[in-house]
There are 4 protein chains.
Amino acid sequence: MIPRYSRPEMAAIWSPESRFRIWFEIEAHATSALAEIGVVPKEAADKVWEKGRDAVFDVARIDAIEAVTKHDVIAFLTHLAEIVGPEARFVHQGMTSSDVLDTCLNVQLTQAADILIADLDRLLAALKRRAFEHKLTPTIGRSHGIHAEPVTFGLKLAQAYAEFSRNRERLVAARKEIATCAISGAVGTFANIDPRVEEYVAEKMGLAAEPVSTQVIPRDRHAMFFAVLGVIASSMERLAIEVRHLQRTEVLEAEEFFSEGQKGSSAMPHKRNPVLTENITGLARMVRGYVVPALENVALWHERDISHSSVERMIGPDATVTLDFALARMTGVIDKLLIYPEQMQKNLDRLGGLVHSQRVLLALTQGGTSREDAYRLVQRNAMPVWRGEGDFLTLLKADAEVTAVLKPEQIEDCFDLGYHLKHVDTIFRRVFGEA
Amino acid sequence: MIPRYSRPEMAAIWSPESRFRIWFEIEAHATSALAEIGVVPKEAADKVWEKGRDAVFDVARIDAIEAVTKHDVIAFLTHLAEIVGPEARFVHQGMTSSDVLDTCLNVQLTQAADILIADLDRLLAALKRRAFEHKLTPTIGRSHGIHAEPVTFGLKLAQAYAEFSRNRERLVAARKEIATCAISGAVGTFANIDPRVEEYVAEKMGLAAEPVSTQVIPRDRHAMFFAVLGVIASSMERLAIEVRHLQRTEVLEAEEFFSEGQKGSSAMPHKRNPVLTENITGLARMVRGYVVPALENVALWHERDISHSSVERMIGPDATVTLDFALARMTGVIDKLLIYPEQMQKNLDRLGGLVHSQRVLLALTQGGTSREDAYRLVQRNAMPVWRGEGDFLTLLKADAEVTAVLKPEQIEDCFDLGYHLKHVDTIFRRVFGEA
Amino acid sequence: MIPRYSRPEMAAIWSPESRFRIWFEIEAHATSALAEIGVVPKEAADKVWEKGRDAVFDVARIDAIEAVTKHDVIAFLTHLAEIVGPEARFVHQGMTSSDVLDTCLNVQLTQAADILIADLDRLLAALKRRAFEHKLTPTIGRSHGIHAEPVTFGLKLAQAYAEFSRNRERLVAARKEIATCAISGAVGTFANIDPRVEEYVAEKMGLAAEPVSTQVIPRDRHAMFFAVLGVIASSMERLAIEVRHLQRTEVLEAEEFFSEGQKGSSAMPHKRNPVLTENITGLARMVRGYVVPALENVALWHERDISHSSVERMIGPDATVTLDFALARMTGVIDKLLIYPEQMQKNLDRLGGLVHSQRVLLALTQGGTSREDAYRLVQRNAMPVWRGEGDFLTLLKADAEVTAVLKPEQIEDCFDLGYHLKHVDTIFRRVFGEA
Amino acid sequence: MIPRYSRPEMAAIWSPESRFRIWFEIEAHATSALAEIGVVPKEAADKVWEKGRDAVFDVARIDAIEAVTKHDVIAFLTHLAEIVGPEARFVHQGMTSSDVLDTCLNVQLTQAADILIADLDRLLAALKRRAFEHKLTPTIGRSHGIHAEPVTFGLKLAQAYAEFSRNRERLVAARKEIATCAISGAVGTFANIDPRVEEYVAEKMGLAAEPVSTQVIPRDRHAMFFAVLGVIASSMERLAIEVRHLQRTEVLEAEEFFSEGQKGSSAMPHKRNPVLTENITGLARMVRGYVVPALENVALWHERDISHSSVERMIGPDATVTLDFALARMTGVIDKLLIYPEQMQKNLDRLGGLVHSQRVLLALTQGGTSREDAYRLVQRNAMPVWRGEGDFLTLLKADAEVTAVLKPEQIEDCFDLGYHLKHVDTIFRRVFGEA
């Protein structure tokens with residue numbers, strides 16, 4: 001997470017101020033719950049809320065206390081006591097630091113997930129709009145980077161839409177994974193704190209009570225969360241690479257928007273580079289790179305060790321801020337993407353009709369030729385075209401073995417572009433529910 | 001995937017014989033569907049089934065053909081034509097190799113997922129049985145490897161049970177992710193094959209039709225699948241490390257079963273080592289190691305490139321076979337785990353009562369001492385005990401500042417083990433639905 | 001490691017037969033050393049060599065013994081005793097299994113490294129040959145996938161040559177890292193075995209004595225080794241992606257050799273796909289995927305735990321066999337690469353002279369224009385060309401602000417291709433030591 | 001990289017101010033070189049130095065320009081022109097942004113490497129001091145977490161010393177990998193800039209000239225650098241885990257220093273946790289997590305794409321700052337480690353003499369018993385001791401089959417601790433060159 005690739009709303013979740021505010025809420029709600037079941041005086045809980053509700057927690061002061069105690073929650077509680085006064089001794093009764101830290105982290109992650117879900121919704125909207133705009137814009141489909149058969153540009157975007165719809169579902173599930181609260185005490189036994197406190201705080205913080213915790217909320221939940229971010233990042237990389245390919249000089253079927261005043265290169269004034277999607281490609285590597293540390297965080301020792309903490313202090317913000325930035329950037333790329341249908345048509349025509357080779361193959365087999373012979377016939381007429389030696393249709397019509405099976409009109413029929421687009425509506429209905 | 005860490009049922013899914021059998025079924029069902037919609041003669045479809053249903057596909061023969069064509073599906077189709085005869089030319093009409101390959105891979109992955117789900121069920125059953133057996137066996141809870149407060153051994157297993165229940169849910173979801181079928185032709189447009197064929201084959205193979213494919217089924221699905229295997233592996237590592245810790249010479253609260261005739265060391269005949277859980281720890285690293293290649297597989301070029309294929313030929317079997325083996329091994333470890341309650345009690349008593357420090361802290365604050373003062377009082381009596389200089393209870397009773405707040409009986413009350421177990425039933429009900 | 005992506009010489013290193021043969025040699029040399037320093041009878045050492053030198057170790061028999069003892073080295077020693085007779089009791093005196101296992105693994109890894117180094121030498125030779133062949137074949141250099149300025153095809157290959165030369169150096173260093181031998185007993189203290197035995201065996205096996213071992217040779221050595229394989233794999237991916245880009249239909253400056261009888265697609269007979277380099281791209285992901293498990297293997301507990309073992313049983317063969325296969329395949333690709341200079345020239349000309357924009361920029365600044373103004377002048381003439389609206393040279397000559405600084409001949413001079421090739425020899429001399 | 005885990009000296013390398021200062025030096029040296037070979041006026045070069053040498057580059061101003069140009073180097077050059085005046089047009093002649101960016105990154109990485117090497121030297125010094133201090137302090141060696149045979153605490157530290165000595169060598173080599181400079185123009189051909197400029201700047205900046213670059217310095221160099229950081233991190237994890245194990249309540253042979261006023265737990269005042277080494281364990285995961293993105297950065301497209309840039313903007317600081325912090329923290333842990341020889345001795349005695357089982361085994365075989373029989377005899381006397389049923393020495397003396405071979409004194413001789421320490425000096429001499 002660096003300012004260059006951060007957006008303020010997501011970054012704010014991870015500020016010390018936000019963290020201390022959430023800590024306060026957890027502690028204050030827990031004190032209210034304790035008051036409700038009669039463990040601490042109701043007046044104490046009221047006092048905590050009264051003094052703390054609008055308090056500004058002094059980050060520097062808390063840091064100074066931590067420098068002595070070497071314990072962040074104790075430092076915060078000490079500072080809170082300075083604000084609240086003697087009633088502060090009823091705060092944190094029977095709780096352990098992790099009750100606060102883990103519940104807070106999960107609040108932050110659910111907030112981050114909410115932003116990311118909204119990001120995905122915006123990206124989906126952009127993809128859908130452009131997909132319908134180019135539903136029937138023909139373009140060559142490529143396998144192995146080699147021309148295969150025609151598709152439409154809208155279909156390409158429909159594929160991305162379907163992929164990011166899956167990612168949205170995964171993220172909603174991942175959000176649920178980490179939306180839990182634990183107030184279960186030092187080793188998760190509720191020895192010093194009633195399970196009702198956990199339920200109370202969970203409900204107030206919009207979380208579910210963790211069914212069984214140790215000192216901490218189990219980290220398989222977080223591993224799953226970050227793994228899903230890694231999958232989303234990989235889908236981002238796929239879409240980014242698609243745009244980068246389309247913008248290649250030789251292809252140039254689409255281009256990132258190039259703004260007034262922008263400079264592509266300090267040395268070469270002619271350049272217009274797909275720098276946004278290249279940037280997203282790199283950011284995807286980073287988000288993916290956080291998956292393994294998150295997986296390694298699962299195997300804590302016994303009822304917990306604290307090795308996960310430094311990892312989460314870094315990947316919590318790093319992964320969510322970076323993905324948020326990349327998603328927003330990608331949405332902008334799609335929204336403003338310059339799309340060149342003429343160039344698509346020009347590329348489609350480039351292979352001298354070879355993209356229709358399969359139809360000829362099928363027509364031959366339908367006409368009684370064995371699959372193996374048909375393949376041989378088509379391939380021997382295709383290879384010269386590949387080398388720039390002639391036109392596919394002409395060559396086929398001049399091949400006696402071909403014309404023994406197919407009439408010239410039948411061969412010509414195989415070269416119809418519309419043939420390839422007849423099921424586009426079917427696919428759009430599958431993906432968008434409409435066509 | 002090596003024989004040493006393979007079990008036959010899972011390994012069989014990945015044999016060439018299984019693959020060719022699934023290929024045949026996909027091709028034959030597709031031919032039936034083509035016959036149903038009138039594209040190929042019904043007799044041809046019948047002949048394919050008649051000749052192929054019980055055919056033994058000759059792996060060596062197929063390999064020999066592939067050595068020439070450098071294309072595995074073409075090699076199979078050529079061999080199939082040798083078996084079926086002239087009607088074979090109606091097979092694979094309008095399909096592309098990936099229709100067969102990708103649908104087959106997903107069949108294999110769902111079969112593998114089914115075995116893994118059954119593995120998890122057996123592990124869950126073992127965990128539950130041992131958890132109830134030791135529901136109230138007291139043992140020390142440890143944070144940071146340091147004695148914290150009492151828990152029960154059953155609680156440790158309940159935590160594992162809850163974690164693996166989550167893993168089961170994740171795997172069921174991941175199975176659904178990859179249970180799709182694509183018969184959509186060269187670039188996914190259904191240009192040469194009717195979408196009804198896809199729907200027909202999907203239903204026959206127990207899959208859902210992929211809403212939109214390119215030449216291939218999108219690899220975010222597979223990335224998600226392997227990511228979930230990586231999360232399960234990490235949970236396995238956690239449980240394995242717990243057992244390894246418990247078996248440490250100084251702890252020795254539990255031990256892997258040591259069979260008659262087993263030798264722990266070639267040099268040291270006294271050794272009994274936790275080799276099974278150490279092995280699982282290593283296997284977890286491997287399964288986790290397959291996550292990143294699976295994520296890198298997502299960003300194929302345009303409508304597909306084939307870079308994912310070599311990765312999947314390796315991690316398909318490697319990840320599923322290894323995890324299956326590890327899960328079965330772990331189930332055996334839990335089932336036969338030697339558990340030593342006396343040693344647990346002995347360890348519990350080792351810290352001279354320090355594990356009750358929090359209760360004393362809370363009693364002091366309840367008695368009116370500030371949290372900070374209470375902490376200081378308890379800590380100053382704890383540190384000598386830590387150094388082996390005295391017994392915690394005795395020291396507390398001799399501390400005037402403590403006894404100014406708490407009566408001797410109140411201090412003694414803080415040293416009650418039962419106090420820590422009072423909510424075990426609550427937790428069990430949350431986890432198992434019963435206590 | 002699967003047969004499809006294995007070559008026999010490398011695979012043979014990892015066969016059980018090879019392993020048992022190396023074990024025998026280690027044990028027999030150690031017995032000789034023990035005899036030399038008088039710990040065991042010389043006759044015993046002689047007998048071990050005499051009986052074992054040409055013995056065929058029965059893998060099935062050893063497996064059967066291991067099924068009981070659950071210890072592979074003990075199983076081997078038991079079998080060896082069956083072959084050698086009573087003198088076998090002098091074998092393995094004071095040694096621990098890891099002395100044998102770890103020294104054997106390092107022998108295997110150095111053998112594998114030797115093959116990989118030879119692989120690199122062949123790849124380097126191919127790169128050099130083709131680089132000199134196309135030293136002065138002009139082609140467009142691309143940054144961001146966008147035409148930048150001219151380079152030569154030989155330069156591209158010279159870059160690859162330099163990169164793989166570095167990889168060769170890294171591999172030589174990595175080989176040295178793992179070329180160590182430990183015969184230091186149960187916990188590395190030489191309590192039961194004289195350090196001279198280690199030195200003797202090390203020398204005989206072509207290794208260095210490990211300065212200090214625990215029960216095992218420290219795994220940072222192996223981590224480094226596998227990390228280097230991961231770097232080499234990443235360089236392979238780079239070169240593979242270069243070829244895949246060059247073979248794209250729209251670029252087609254080079255192509256993988258396409259053999260007689262080969263079929264590019266089951267559906268589309270016209271296809272010629274870069275399947276070898278796509279395959280290498282996938283294999284690179286696998287080799288890279290083994291780096292993290294190797295890194296995770298470093299932190300063994302205390303004097304060792306055995307979690308590294310299962311990892312190494314898999315990645316030892318997987319990483320070396322896969323990289324060997326990929327290197328050999330890449331050498332074939334480079335050796336037989338079809339290179340199309342005419343197409344390179346055609347692509348060079350595609351941008352209507354824009355690739356010379358920098359020279360015009362520099363000429364303007366040399367003529368007294370500020371950098372910022374010069375940039376603006378060049379960019380405003382470049383953008384129409386980019387959109388296909390006119391020729392760069394013509395536009396520049398018609399721009400009054402340009403011609404105020406540069407004469408028409410000066411502008412024309414900026415469009416000289418030879419200008420870009422003047423330092424090719426310098427670079428070749430740096431890379432190859434000759435030009 | 002977060003402030004919590006940063007040290008100022010390393011963090012400063014990565015500040016915008018440092019970056020712009022290095023950019024200036026590269027540009028100014030290049031201008032001097034251009035002046036020397038007569039391409040630009042000498043006065044211009046002098047002016048650049050004169051105005052820029054002590055200039056404070058205005059980060060906010062540069063950011064503002066970049067907001068328009070979307071190009072950081074152009075923004076800097078524009079700002080530099082504001083400082084230098086008209087002569088600024090001679091700056092950056094024939095160079096491309098990457099010449100500046102890549103050379104700067106490598107300067108930063110070499111500076112970072114120098115700090116890390118110094119960190120390693122301090123850690124090595126601490127390890128050596130404590131190793132000699134405890135050269136002969138006996139402690140139990142453990143394999144699989146199970147008592148094996150005696151070692152000394154100094155030996156443990158000697159092993160760490162040897163490992164970190166290797167890491168130092170690796171880092172020195174990795175520093176050399178990235179200590180290169182490229183001033184080779186837009187696509188590395190030196191078309192617009194003489195190779196002598198590169199050589200001049202390289203020498204001034206303390207780097208070597210990159211033999212052949214594209215637009216960028218090849219990223220296999222950086223991949224190797226970050227891979228080495230990942231190996232060092234893994235060694236850190238190993239040492240951290242060793243300390244954590246030693247501090248476990250049941251083991252307690254060593255402890256992290258616990259400062260006055262420190263609090264181990266908010267809930268349990270008795271706690272003293274190995275939080276520093278747990279923290280290092282987590283930081284190691286992070287540094288390791290940066291290896292894969294660095295490897296993925298190698299395969300840039302053609303002469304470069306910019307996807308590596310965002311990755312490096314993050315992992316450059318993240319990996320070096322985090323590792324620097326972890327190394328410094330580890331040095332502190334080792335320097336102040338509380339070491340408890342009495343507890344080591346107590347643990348050594350815990351297994352009732354079982355740790356001498358191998359000596360008995362060897363004595364029996366030396367006495368003529370077969371290895372298999374000897375193993376059986378020793379194991380049958382060891383297993384009851386393992387269960388706490390008796391003392392090993394007593395049982396052996398009561399076993400008729402044992403005493404048929406060994407006299408009581410011979411058995412007693414096997415229980416001598418000194419026997420295990422006789423080669424400690426040998427090992428120390430190997431590791432430290434002295435004993």
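**Domains and chain contacts in a predicted model**

Chain A is divided by an automatic or database domain assignment into domain 1 (12-93), domain 2 (95-258 + 267-349 + 424-435) and domain 3 (354-414). This is a predicted model, in which local features need pLDDT of at least 70 and side-chain atom pairs count only at pLDDT 80 or more, while totals for chains, interfaces and linings use all residues. Residues are numbered from 1 along each chain as its sequence is written, and chains are lettered from A and ligands numbered from 1 in the order in which they are written.

Reader: Which helix gives the largest share of the side of domain 1 of chain A that touches domain 2 of chain A?

Author: Contact here means that C-beta atoms, placed from the backbone, lie within 7 Å, and it takes 16 residues from domain 1 of chain A and 20 residues from domain 2 of chain A. On the domain 1 side, the largest share, 10 residues, comes from a helix (a DSSP run of H or I, at least four residues, numbered from the N terminus), namely α2 (residues 16-36) of chain A.

Reader: How many residues does α9(B) give to the side of chain B that touches chain A?

Author: In this pairing, 73 residues of chain B are in contact with 72 residues of chain A. The element that gives the most to the chain B side is α9(B), and its contribution is 13 residues.

Reader: What kind of axis relates chain D to chain C?

Author: With copies superposed by least squares on the C-alpha atoms of residues with pLDDT of at least 70 in both, a rotation of 180° with 0.0 Å of shift along its axis places chain D on chain C (RMSD 0.0 Å). That relation is the one given by a two-fold axis.

Technical notes:
Two residues are in contact if their C-beta atoms, placed from the backbone, lie within 7 Å. Helices (H or I, at least four residues) and strands (E, at least two) are DSSP runs, numbered from the N terminus.
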